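Reader: I am new to this structure and should be grateful for a close look at a single part of it. Would you please choose one element and explain how it is placed among its neighbours?

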Amino acid sequence: MINFALVGVGHIAKKHKDAIEKTDGAALVAVCDTNPERLEEYKDYQTYTDLDEMLKVNDEIDVVNICVPSGLHYPLTKIVAEHKRHIIVEKPMALTLEETEKMQQVAEENGVKLAVVHPNRFRPAVQKLRKAIDDGLFGKISHANATVRWNRNQAYYDQAPWRGTEKYDGGVLMNQAIHDLDLMLWLMGPVESVQGMAATRLRNIETEDVATAVVRFKSGALGVIEAATTIYPTNLEESLSIFGEKATAKIGGKTANYIQTWNIEGITQEEVLALQKEIEKNPFGKPGHQWIIEDMVKAIEEDREPIVSAKDGIAPIQLILAILESSKTGKAVKIN
Ligand SMILES: NC(=O)c1ccc[n+]([C@@H]2O[C@H](COP(=O)([O-])OP(=O)(O)OC[C@H]3O[C@@H](n4cnc5c(N)ncnc54)[C@H](O)[C@@H]3O)[C@@H](O)[C@H]2O)c1
(Lines give C-alpha, C1' and ligand atoms only; values in the text may rest on other atoms or scores of the structure.)
Protein backbone atom coordinates (compact mmCIF):
# COMPACT_ATOMS: atom_id res chain seq x y z
CA MET A 1 0.00 0.00 0.00
CA ILE A 2 1.33 3.45 -0.91
CA ASN A 3 0.37 6.05 1.70
CA PHE A 4 -0.51 9.57 0.58
CA ALA A 5 -0.80 12.88 2.41
CA LEU A 6 -2.23 16.19 1.13
CA VAL A 7 -0.81 19.61 1.88
CA GLY A 8 -3.26 22.47 1.29
CA VAL A 9 -6.82 21.21 1.50
CA GLY A 10 -8.78 23.87 -0.39
CA HIS A 11 -10.72 23.40 -3.64
CA ILE A 12 -8.52 21.07 -5.66
CA ALA A 13 -7.51 18.84 -2.73
CA LYS A 14 -10.97 17.22 -2.85
CA LYS A 15 -10.16 15.80 -6.28
CA HIS A 16 -6.90 14.38 -4.94
CA LYS A 17 -8.75 12.80 -1.98
CA ASP A 18 -11.39 11.22 -4.24
CA ALA A 19 -8.76 9.96 -6.65
CA ILE A 20 -6.61 8.40 -3.90
CA GLU A 21 -9.67 6.67 -2.48
CA LYS A 22 -10.50 5.21 -5.90
CA THR A 23 -6.98 3.95 -6.60
CA ASP A 24 -6.04 0.36 -5.78
CA GLY A 25 -2.92 0.20 -3.67
CA ALA A 26 -3.25 3.83 -2.47
CA ALA A 27 -4.49 5.20 0.87
CA LEU A 28 -4.88 8.74 2.19
CA VAL A 29 -3.46 8.83 5.72
CA ALA A 30 -2.82 12.49 6.61
CA VAL A 31 -3.60 16.06 5.59
CA CYS A 32 -2.01 19.38 6.40
CA ASP A 33 -3.28 22.95 6.10
CA THR A 34 -2.14 26.10 7.86
CA ASN A 35 -5.81 27.05 8.18
CA PRO A 36 -7.29 24.76 10.89
CA GLU A 37 -10.85 25.41 9.62
CA ARG A 38 -9.97 23.66 6.39
CA LEU A 39 -9.00 20.54 8.37
CA GLU A 40 -12.49 20.11 9.81
CA GLU A 41 -13.69 18.21 6.74
CA TYR A 42 -10.78 15.79 7.12
CA LYS A 43 -11.46 14.47 10.63
CA ASP A 44 -11.13 10.85 9.42
CA TYR A 45 -7.41 11.42 8.78
CA GLN A 46 -4.43 12.55 10.82
CA THR A 47 -4.38 16.36 10.59
CA TYR A 48 -1.51 18.82 10.88
CA THR A 49 -1.00 22.54 10.47
CA ASP A 50 2.73 22.29 9.67
CA LEU A 51 4.17 20.26 6.80
CA ASP A 52 7.62 19.78 8.31
CA GLU A 53 6.11 18.50 11.54
CA MET A 54 3.76 16.14 9.68
CA LEU A 55 6.72 14.56 7.92
CA LYS A 56 8.88 14.45 11.05
CA VAL A 57 6.35 12.58 13.15
CA ASN A 58 4.79 10.43 10.45
CA ASP A 59 7.10 8.03 8.66
CA GLU A 60 4.33 6.02 7.02
CA ILE A 61 3.72 8.77 4.41
CA ASP A 62 5.21 7.79 1.02
CA VAL A 63 3.83 10.58 -1.22
CA VAL A 64 2.75 14.16 -0.53
CA ASN A 65 0.36 15.90 -2.93
CA ILE A 66 1.05 19.63 -2.96
CA CYS A 67 -2.20 21.59 -3.41
CA VAL A 68 -1.24 25.01 -2.01
CA PRO A 69 -1.18 28.33 -3.94
CA SER A 70 1.18 28.04 -6.91
CA GLY A 71 3.83 30.45 -5.56
CA LEU A 72 4.38 28.04 -2.63
CA HIS A 73 4.97 24.92 -4.73
CA TYR A 74 8.75 25.24 -4.64
CA PRO A 75 9.33 25.79 -0.89
CA LEU A 76 6.94 22.97 0.00
CA THR A 77 8.44 20.61 -2.62
CA LYS A 78 11.84 21.24 -1.05
CA ILE A 79 10.57 20.31 2.43
CA VAL A 80 8.92 17.11 1.13
CA ALA A 81 11.95 16.06 -0.95
CA GLU A 82 14.32 16.65 1.95
CA HIS A 83 12.16 14.30 4.01
CA LYS A 84 12.71 11.76 1.17
CA ARG A 85 9.04 11.44 0.22
CA HIS A 86 7.70 11.38 -3.34
CA ILE A 87 5.81 14.41 -4.67
CA ILE A 88 2.75 15.13 -6.79
CA VAL A 89 2.57 18.86 -7.37
CA GLU A 90 -0.41 20.73 -8.76
CA LYS A 91 -0.07 22.82 -11.89
CA PRO A 92 1.60 25.21 -12.58
CA MET A 93 4.71 23.45 -11.30
CA ALA A 94 6.02 26.87 -10.12
CA LEU A 95 5.85 30.47 -11.29
CA THR A 96 9.52 30.95 -12.22
CA LEU A 97 11.90 28.81 -14.26
CA GLU A 98 14.48 29.03 -11.52
CA GLU A 99 12.06 27.43 -9.06
CA THR A 100 10.98 24.67 -11.46
CA GLU A 101 14.62 23.77 -12.02
CA LYS A 102 15.35 23.77 -8.29
CA MET A 103 12.35 21.47 -7.78
CA GLN A 104 13.67 19.03 -10.36
CA GLN A 105 17.11 19.18 -8.76
CA VAL A 106 15.99 18.73 -5.16
CA ALA A 107 13.86 15.71 -6.17
CA GLU A 108 16.80 14.14 -8.03
CA GLU A 109 19.28 14.84 -5.20
CA ASN A 110 16.98 13.17 -2.67
CA GLY A 111 16.10 10.23 -4.92
CA VAL A 112 12.35 10.95 -4.92
CA LYS A 113 9.85 11.01 -7.77
CA LEU A 114 8.11 14.21 -8.81
CA ALA A 115 4.92 14.23 -10.90
CA VAL A 116 3.08 17.33 -12.12
CA VAL A 117 -0.72 17.42 -12.46
CA HIS A 118 -1.24 17.75 -16.23
CA PRO A 119 -3.81 14.98 -16.64
CA ASN A 120 -5.69 16.29 -19.71
CA ARG A 121 -3.36 14.25 -21.92
CA PHE A 122 -5.20 11.15 -20.74
CA ARG A 123 -8.59 12.32 -22.02
CA PRO A 124 -10.04 9.98 -24.64
CA ALA A 125 -10.23 12.58 -27.46
CA VAL A 126 -6.69 13.81 -26.79
CA GLN A 127 -5.33 10.26 -26.80
CA LYS A 128 -6.97 9.66 -30.21
CA LEU A 129 -5.38 12.84 -31.55
CA ARG A 130 -1.95 11.91 -30.24
CA LYS A 131 -2.24 8.43 -31.82
CA ALA A 132 -3.28 9.92 -35.18
CA ILE A 133 -0.20 12.19 -35.10
CA ASP A 134 2.10 9.34 -34.00
CA ASP A 135 0.71 7.12 -36.78
CA GLY A 136 1.69 9.81 -39.31
CA LEU A 137 -1.91 10.45 -40.41
CA PHE A 138 -1.39 14.23 -40.53
CA GLY A 139 1.61 14.18 -42.85
CA LYS A 140 3.57 17.41 -42.50
CA ILE A 141 1.90 19.72 -39.97
CA SER A 142 1.52 23.37 -40.98
CA HIS A 143 0.19 24.83 -37.75
CA ALA A 144 -1.82 24.43 -34.55
CA ASN A 145 -4.19 26.55 -32.51
CA ALA A 146 -4.82 26.55 -28.75
CA THR A 147 -7.80 28.58 -27.57
CA VAL A 148 -9.09 29.05 -24.02
CA ARG A 149 -12.13 31.35 -23.82
CA TRP A 150 -13.29 31.09 -20.24
CA ASN A 151 -14.94 33.23 -17.62
CA ARG A 152 -13.46 33.85 -14.20
CA ASN A 153 -15.37 36.79 -12.76
CA GLN A 154 -14.14 39.26 -10.16
CA ALA A 155 -15.76 37.20 -7.38
CA TYR A 156 -13.54 34.26 -8.38
CA TYR A 157 -10.42 36.39 -8.01
CA ASP A 158 -11.68 37.93 -4.77
CA GLN A 159 -12.33 34.57 -3.05
CA ALA A 160 -8.72 34.31 -1.81
CA PRO A 161 -5.99 36.96 -1.55
CA TRP A 162 -3.47 34.88 -3.58
CA ARG A 163 -5.62 34.72 -6.72
CA GLY A 164 -4.54 36.91 -9.61
CA THR A 165 -1.26 37.87 -7.92
CA GLU A 166 2.12 37.63 -9.65
CA LYS A 167 3.81 36.05 -6.67
CA TYR A 168 1.34 33.28 -5.88
CA ASP A 169 -0.94 32.64 -8.87
CA GLY A 170 0.01 34.10 -12.25
CA GLY A 171 -2.63 35.12 -14.80
CA VAL A 172 -4.79 33.30 -17.32
CA LEU A 173 -1.76 31.65 -18.93
CA MET A 174 -0.30 30.17 -15.72
CA ASN A 175 -3.54 29.27 -14.02
CA GLN A 176 -6.11 28.39 -16.69
CA ALA A 177 -4.57 28.04 -20.17
CA ILE A 178 -1.62 25.97 -18.95
CA HIS A 179 -3.60 22.75 -19.47
CA ASP A 180 -4.24 23.55 -23.15
CA LEU A 181 -0.65 24.72 -23.62
CA ASP A 182 0.59 21.46 -22.09
CA LEU A 183 -1.49 19.59 -24.69
CA MET A 184 -0.17 21.77 -27.50
CA LEU A 185 3.43 21.10 -26.47
CA TRP A 186 2.79 17.39 -25.96
CA LEU A 187 1.29 17.08 -29.46
CA MET A 188 3.46 19.55 -31.38
CA GLY A 189 6.83 19.26 -29.65
CA PRO A 190 9.09 22.03 -28.35
CA VAL A 191 8.80 25.71 -29.26
CA GLU A 192 11.70 27.60 -30.82
CA SER A 193 10.44 31.19 -30.52
CA VAL A 194 7.40 33.15 -29.48
CA GLN A 195 5.89 36.61 -29.89
CA GLY A 196 3.24 37.38 -27.32
CA MET A 197 0.91 40.07 -26.06
CA ALA A 198 -0.81 40.08 -22.69
CA ALA A 199 -3.11 42.58 -21.00
CA THR A 200 -5.26 43.08 -17.94
CA ARG A 201 -8.49 44.31 -19.49
CA LEU A 202 -11.52 43.50 -17.36
CA ARG A 203 -10.52 42.11 -13.96
CA ASN A 204 -9.00 43.97 -11.06
CA ILE A 205 -5.89 41.77 -10.74
CA GLU A 206 -2.10 42.16 -10.99
CA THR A 207 -1.70 39.59 -13.75
CA GLU A 208 -3.06 39.28 -17.30
CA ASP A 209 -6.67 38.28 -17.93
CA VAL A 210 -6.16 38.01 -21.71
CA ALA A 211 -3.15 36.91 -23.77
CA THR A 212 -2.38 36.09 -27.38
CA ALA A 213 0.76 34.67 -28.94
CA VAL A 214 2.19 33.25 -32.11
CA VAL A 215 4.86 30.58 -31.88
CA ARG A 216 7.27 28.78 -34.16
CA PHE A 217 7.85 25.16 -33.16
CA LYS A 218 11.25 23.54 -33.58
CA SER A 219 9.63 21.39 -36.30
CA GLY A 220 9.04 24.57 -38.33
CA ALA A 221 5.26 24.47 -37.79
CA LEU A 222 3.53 27.58 -36.43
CA GLY A 223 1.08 27.96 -33.56
CA VAL A 224 -1.52 30.49 -32.44
CA ILE A 225 -2.54 30.90 -28.80
CA GLU A 226 -5.52 32.81 -27.41
CA ALA A 227 -6.34 32.70 -23.70
CA ALA A 228 -8.79 34.76 -21.68
CA THR A 229 -10.78 34.65 -18.45
CA THR A 230 -12.80 37.68 -19.59
CA ILE A 231 -15.41 35.89 -21.72
CA TYR A 232 -18.93 37.16 -21.10
CA PRO A 233 -20.97 35.68 -19.46
CA THR A 234 -19.55 32.16 -18.97
CA ASN A 235 -17.01 29.61 -20.28
CA LEU A 236 -17.28 29.37 -24.07
CA GLU A 237 -14.50 27.12 -25.33
CA GLU A 238 -11.25 25.31 -24.72
CA SER A 239 -9.95 23.84 -27.94
CA LEU A 240 -6.95 22.54 -29.76
CA SER A 241 -6.74 22.36 -33.55
CA ILE A 242 -4.05 20.75 -35.65
CA PHE A 243 -3.70 21.28 -39.39
CA GLY A 244 -1.58 18.93 -41.52
CA GLU A 245 -1.17 18.14 -45.22
CA LYS A 246 -3.48 15.11 -44.90
CA ALA A 247 -5.58 15.94 -41.84
CA THR A 248 -7.47 18.64 -39.95
CA ALA A 249 -8.61 17.95 -36.40
CA LYS A 250 -10.21 20.08 -33.72
CA ILE A 251 -10.84 18.95 -30.17
CA GLY A 252 -13.19 21.32 -28.44
CA GLY A 253 -16.21 21.94 -26.28
CA LYS A 254 -15.92 23.95 -23.08
CA THR A 255 -12.97 21.92 -21.81
CA ALA A 256 -11.39 20.27 -24.89
CA ASN A 257 -13.12 16.91 -24.53
CA TYR A 258 -14.97 16.39 -27.80
CA ILE A 259 -13.86 15.68 -31.34
CA GLN A 260 -15.42 18.55 -33.29
CA THR A 261 -13.58 18.16 -36.59
CA TRP A 262 -11.81 15.01 -37.78
CA ASN A 263 -11.04 15.21 -41.49
CA ILE A 264 -8.31 12.68 -42.16
CA GLU A 265 -7.35 11.31 -45.58
CA GLY A 266 -8.76 7.80 -46.01
CA ILE A 267 -11.11 7.97 -43.02
CA THR A 268 -14.79 7.78 -43.95
CA GLN A 269 -17.63 9.91 -42.58
CA GLU A 270 -19.10 6.77 -40.94
CA GLU A 271 -15.80 6.14 -39.14
CA VAL A 272 -15.71 9.74 -37.94
CA LEU A 273 -19.27 9.56 -36.61
CA ALA A 274 -18.49 6.26 -34.83
CA LEU A 275 -15.41 7.85 -33.24
CA GLN A 276 -17.36 10.92 -32.15
CA LYS A 277 -20.07 8.69 -30.62
CA GLU A 278 -17.47 6.60 -28.80
CA ILE A 279 -15.97 9.76 -27.26
CA GLU A 280 -19.38 11.22 -26.39
CA LYS A 281 -20.21 8.14 -24.31
CA ASN A 282 -17.42 9.01 -21.89
CA PRO A 283 -15.80 12.33 -22.87
CA PHE A 284 -13.82 12.81 -19.66
CA GLY A 285 -12.59 9.24 -19.27
CA LYS A 286 -11.19 8.42 -15.86
CA PRO A 287 -10.91 11.49 -13.57
CA GLY A 288 -7.63 13.22 -14.44
CA HIS A 289 -6.25 13.18 -10.91
CA GLN A 290 -6.80 9.43 -10.74
CA TRP A 291 -4.46 8.92 -13.72
CA ILE A 292 -1.75 10.85 -11.95
CA ILE A 293 -2.20 9.01 -8.63
CA GLU A 294 -2.36 5.56 -10.27
CA ASP A 295 0.73 6.39 -12.27
CA MET A 296 2.62 7.46 -9.13
CA VAL A 297 1.71 4.16 -7.44
CA LYS A 298 3.02 2.25 -10.47
CA ALA A 299 6.10 4.45 -10.80
CA ILE A 300 7.03 3.63 -7.20
CA GLU A 301 6.34 -0.09 -7.64
CA GLU A 302 8.29 -0.26 -10.91
CA ASP A 303 10.89 2.31 -9.82
CA ARG A 304 10.50 4.47 -12.92
CA GLU A 305 9.80 8.15 -13.68
CA PRO A 306 6.16 9.28 -13.49
CA ILE A 307 4.62 9.73 -16.97
CA VAL A 308 4.13 13.48 -16.39
CA SER A 309 7.45 14.33 -14.79
CA ALA A 310 9.32 17.53 -13.88
CA LYS A 311 10.46 18.11 -17.46
CA ASP A 312 6.82 18.06 -18.62
CA GLY A 313 5.98 20.56 -15.89
CA ILE A 314 8.78 22.89 -16.94
CA ALA A 315 7.93 23.08 -20.67
CA PRO A 316 4.66 25.07 -20.41
CA ILE A 317 6.19 27.40 -17.79
CA GLN A 318 9.04 28.20 -20.20
CA LEU A 319 6.53 28.98 -22.94
CA ILE A 320 4.31 31.14 -20.69
CA LEU A 321 7.24 33.14 -19.31
CA ALA A 322 8.48 33.71 -22.86
CA ILE A 323 5.04 35.01 -23.92
CA LEU A 324 5.00 37.40 -20.95
CA GLU A 325 8.57 38.57 -21.59
CA SER A 326 7.76 39.16 -25.25
CA SER A 327 4.68 41.12 -24.25
CA LYS A 328 6.82 43.38 -22.05
CA THR A 329 9.67 43.93 -24.51
CA GLY A 330 7.70 43.85 -27.76
CA LYS A 331 10.29 41.44 -29.17
CA ALA A 332 10.16 37.77 -30.11
CA VAL A 333 11.72 35.49 -27.46
CA LYS A 334 13.76 32.38 -28.27
CA ILE A 335 13.33 29.29 -26.08
CA ASN A 336 16.24 26.97 -25.39
N1 LIG B 1 -5.38 20.63 -11.80
C2 LIG B 1 -6.37 21.50 -11.84
O3 LIG B 1 -7.24 21.47 -12.70
C4 LIG B 1 -6.41 22.60 -10.79
C5 LIG B 1 -7.61 23.23 -10.53
C6 LIG B 1 -7.64 24.19 -9.52
C7 LIG B 1 -6.46 24.53 -8.85
N8 LIG B 1 -5.30 23.93 -9.17
C9 LIG B 1 -4.04 24.31 -8.47
O10 LIG B 1 -4.09 23.83 -7.13
C11 LIG B 1 -3.43 24.76 -6.25
C12 LIG B 1 -4.38 25.17 -5.14
O13 LIG B 1 -5.55 25.75 -5.70
P14 LIG B 1 -6.95 25.75 -4.89
O15 LIG B 1 -7.94 26.33 -5.84
O16 LIG B 1 -7.21 24.44 -4.28
O17 LIG B 1 -6.60 26.84 -3.76
P18 LIG B 1 -7.34 27.11 -2.37
O19 LIG B 1 -7.05 28.52 -1.99
O20 LIG B 1 -8.76 26.66 -2.45
O21 LIG B 1 -6.58 26.12 -1.36
C22 LIG B 1 -5.24 26.29 -0.99
C23 LIG B 1 -5.08 25.78 0.45
O24 LIG B 1 -3.69 25.79 0.79
C25 LIG B 1 -3.58 26.17 2.17
N26 LIG B 1 -2.21 26.62 2.43
C27 LIG B 1 -1.62 27.79 2.06
N28 LIG B 1 -0.32 27.82 2.47
C29 LIG B 1 -0.08 26.64 3.09
C30 LIG B 1 1.06 26.07 3.71
N31 LIG B 1 2.23 26.72 3.73
N32 LIG B 1 0.95 24.84 4.25
C33 LIG B 1 -0.23 24.17 4.23
N34 LIG B 1 -1.36 24.67 3.66
C35 LIG B 1 -1.29 25.88 3.09
C36 LIG B 1 -4.65 27.22 2.33
O37 LIG B 1 -5.01 27.42 3.68
C38 LIG B 1 -5.79 26.63 1.48
O39 LIG B 1 -6.65 25.82 2.28
C40 LIG B 1 -2.94 25.91 -7.14
O41 LIG B 1 -1.62 25.70 -7.51
C42 LIG B 1 -3.85 25.82 -8.36
O43 LIG B 1 -3.24 26.35 -9.54
C44 LIG B 1 -5.26 22.96 -10.11
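Author: A helix axis is a line fitted to C-alpha atoms over the stretch in contact, and the angle between two axes, taken between their N-to-C directions, runs from 0 to 180 degrees. The model is a predicted one, and the part chosen here is helix α5, which spans residues 97–109.

Two packed helices are described by the angle between their axes and the distance between those axes. For α5 and helix α11 (residues 310–329), the angle is about 170 degrees and the axes are 9 Å apart. Angles over 145 degrees count as roughly antiparallel, and α5 and α11 are therefore roughly antiparallel to each other. On the α5 side, this contact is formed by Leu97, Thr100, Met103, Gln104 and Ala107. They meet Ala310, Gly313, Ile314, Ile317, Gln318 and Leu321 in α11. By class, the contact of α5 with α11 holds seven nonpolar and four polar residues, and no charged ones.

One residue of this contact may be examined singly. Leucine 97 lies in α5 and, leaving aside residues up to four places away in sequence, touches Ile317, Gln318 and Leu321. Is leucine 97 buried or exposed? A buried residue has 20 or more other C-beta atoms within 10 Å of its own, and an exposed one has 12 or fewer. Leucine 97 has 15 C-beta neighbours inside 10 Å and so counts as partly exposed. For a sense of distance, the C-alpha atoms of leucine 97 and alanine 155 are 30 Å apart in space, while the two residues are 58 apart in sequence.

Helix α5 also packs with helix α4 (residues 73–82), at an angle of about 5 degrees and with the axes 9 Å apart. Angles under 35 degrees count as roughly parallel, and α4 and α5 are therefore roughly parallel to each other. Here Glu99, Lys102, Met103, Val106 and Ala107 of α5 meet Tyr74, Thr77, Lys78 and Ala81 of α4. The residues of the contact of α4 with α5 divide into five nonpolar, one polar and three charged. Met103 and Ala107 appear in the contact with α4 and also in the contact with α11.

The strands joined by way of these helices complete the picture. Strands of a sheet pair through backbone hydrogen bonds, either parallel or antiparallel. Strand β4 (residues 63–66) pairs with strand β5 in the parallel sense over four bridges, and valine 64 has isoleucine 87 in β5 as its bridge partner. Together β4, α4 and β5 make a right-handed β-α-β unit.

Strand β5 is in turn joined to strand β6 (residues 114–116) by three bridges, and these two strands run parallel. Valine 89 has valine 116 in β6 as its bridge partner. From β5 the chain crosses through α5 to β6, in a β-α-β crossover that is right-handed.

Strand β5 itself comprises residues 86–89. In a regular strand, side chains alternate between the two faces of the sheet. His86 and Ile88 point one way from β5, whereas Ile87 and Val89 point the other way, and all of them are buried.

In summary, α5 is roughly parallel to α4 and roughly antiparallel to α11, and the chain passes through α5 in crossing from β5 to β6.

Note on methods. Residues numbered from 1 in each chain as written. Predicted model: local features only at pLDDT ≥ 70, side-chain atom pairs only at ≥ 80, totals over all residues. Parallel < 35°, antiparallel > 145°, perpendicular 65-115°, else oblique. Contact = placed C-beta atoms within 7 Å. Nonpolar A, V, L, I, M, F, W, Y, C, P; charged D, E, K, R; others polar. Pairing = 2+ DSSP bridges. Right-handed = clockwise from strand over helix to strand, strands pointing away.
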